[in-house]
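Okay, thanks for making time, everyone. Let me put the sequence and the model up, and then I'll walk you through the parts I'd like you to look at.

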Amino acid sequence: MRVLVGEGGLGVGGGLGLRPRAEPGEQPQRARSSQQASELKADCLKACDLCHLCIAGWETVCALPSGGGTGFIGTALTQLLKARDHKVTLVSRQPGPGRITWDELSRSGLPLCDVVINLAGENILNPLRRWNEAFQKEVLTSRLDTTHLLAEAITNAAHPPQAWILVTGVAYYQPSPTEEYDEDSPGGDFDFFSNLVTKWEAAARLPGESTRQVVVRSGVVLGRGGGAISRMLLPFRLGLGGPIGSGHQFFPWIHIGDLAGILTHASEANHVQGVLNGVAPASTTTNAEFAQALGAALGRPAFIPVPSTVVQAIFGRERATMLLEGQKVVPRRTLATGYQYSFPELGAALKDVVA
């Protein structure tokens, strides 16, 4: 299987693809025109080094990471693929051992792919960025432009990939203290973030049925060295942690290992298609329960709340709703596909993260 994984950073998104190794004397097949390749190269040069993944005899084509190297989710996914005896190579602006350059890609064109996975997107909850029109545009373009680019490449490919997987978010579902959402629940039309997910998923939609299409709507990703936990650990270690706002809002979460696992499962299992909720089965977790569980994992109290006014002052009123309100999301279809969670319970997940 040839898997393509894309991540995005610095307002730019991209994709990473896998192609079969060319037989001796065989010329690589071009999937893009020279103009398209040049445009892709120009976009890619705006970002840092790229992640180039190889899977058991297949070569990756390109991936744009977040801020250099591979991003938080991309790193975990790459590690999982390595554990399954797949080879990892870097795509970089500079040549070197185990690397290929963008110039090489421009000359050869984008190769065939069996699976394309897009992880691109500017971090919405970056506390260093004001929630203004310029940043909102970056949030949109970092997702939509990348997804359009990859979807167009798939559509124009002489031999399209078997699967096309996009990671979006549970912001598609409207926050509620009572409703329960599965993959068939309505949403996507009530605020900036839900409309973003709708546009994002629409940008990925391909004509026809030659390529299996999967959307994974992810919850808050918990893992070592990145994601939400990286910003929480210091105050919680100091005994200053606690719930955000009322703490009554639902907190849909997933361990990084399970998100990578769902993506790998969706890549390998031909029966998987459509929307999957990328959340843990423990869907009744509230923000206060999460805070208590994190404090317990660290052996610290966690009773000092973060007032809603502080959250709104830092993130802006509209963006703060992502932290002050939540959704009860269940992975009904994800479980029905046969995926088995490594961390279905919050306590075990947090112990692994903080160990």
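Let's start with a warm-up: which residue in β14 is the bridge partner of Val 216? That's Leu 276. One caveat before going on, and please keep it in mind throughout: this is a predicted model.

So, back to that pair of strands. Val 216 meets Leu 276 in β14, and β10, which covers residues 212–218, is joined to β14 by five bridges, with the two strands running parallel. Now, is β14 mostly buried or exposed? It covers residues 274–278, and four of those five residues are buried, so the rest of the structure largely encloses the strand.

Overall picture, quickly. We have 355 residues, and 54% of them are buried. The secondary structure comes to 12 helices and 15 strands. And for those of you who like contact order: take the contacts between residues at least 6 apart in sequence, and 80% of them join residues at least 24 apart.

Next up, a little sheet. It's an open one, three strands in the order β12-β11-β13, with mixed pairing. The edge strands, each pairing on one side only, are β12 at 226–227 and β13 at 253–255. Where does the mix come from? On one side, β11, residues 220–223, runs parallel to β13, and three bridges join them; Val 220 has Trp 253 as its bridge partner there. On the other side, β11 and β12 are antiparallel, over two bridges, and Leu 222 stands opposite Gly 227. How many residues sit between the strands in the hairpin of β11 and β12? Two, and in that hairpin Gly 225 takes a positive phi near 75°.

While you're looking at the sheet, rotate a bit and find the helices against it. Helix α7, residues 256–268, lies across β11 and β13 and runs at about 85° to β13. Then there's α2, residues 72–83, which packs on the sheet and touches β11 and β12, with its direction at about 60° to that of β11.

Let me stay on α2 for a second. A sanity check on its geometry: 12 residues at 1.5 Å a residue should span 16 Å, and the end C-alpha atoms are 17 Å apart, which agrees. Which residues of α2 are buried? Ile 73, Gly 74, Ala 76, Leu 77, Thr 78 and Leu 81. And just after the helix you get Asp 85, with a positive phi near 65°.

Okay, aromatics. There are eight aromatic pairs in the structure. Trp 131 and Phe 135 make one of them, edge-to-face, 5.8 Å centre to centre with 80° between the planes. Both residues are tucked away: Phe 135 has a relative accessible area of 0% and is buried, and Trp 131, at 14%, counts as buried too because the cut-off is 20%. Another pair is Tyr 339 with Tyr 341: the ring centres are 5.1 Å apart and the planes are at 75°, so this is edge-to-face as well. Tyr 339 comes out at 10% relative accessibility and Tyr 341 at 12%, so under that 20% cut-off they're buried.

Going back to Trp 131 and Phe 135, what do they form with Phe 192 and Phe 193? One aromatic cluster.

Since some of you will be thinking about cation–ring geometry, here are two examples. The charged end of Arg 217 sits over the ring of Tyr 172, 3.7 Å from the centre. For Arg 143, the charged end is over the ring of Trp 200, with 4.9 Å to the centre.

Last stop, Asn 118. You'll find this residue in β7, the strand at 115–119. Buried or exposed? Buried, with a relative accessible area of 1%. Asn 118 and Thr 168 are 50 residues apart along the chain, and their C-alpha atoms are separated by 9.2 Å.

That's my tour. Happy to spin the model around if anyone wants another look.

Notes:
Residues numbered from 1 in each chain as written. Predicted model: local features only at pLDDT ≥ 70, side-chain atom pairs only at ≥ 80, totals over all residues. Heavy atoms only, no water. Buried < 20%, exposed > 50% of the residue type's maximum accessible area, 1.4 Å probe, protein only. Helix = DSSP H or I, 4+ residues; strand = E, 2+ residues; numbered from the N terminus. Pairing = 2+ DSSP bridges. Contact = heavy atoms within 4.5 Å. Axes fitted to C-alpha atoms, helices over the stretch in contact; angles between N-to-C directions. Phe/Tyr/Trp six-rings, centres within 6.5 Å; stacked < 30°, edge-to-face > 60°. Lys NZ or Arg CZ within 6 Å of the ring centre and 35° of its normal. Expected span 1.5 Å × (residues − 1).
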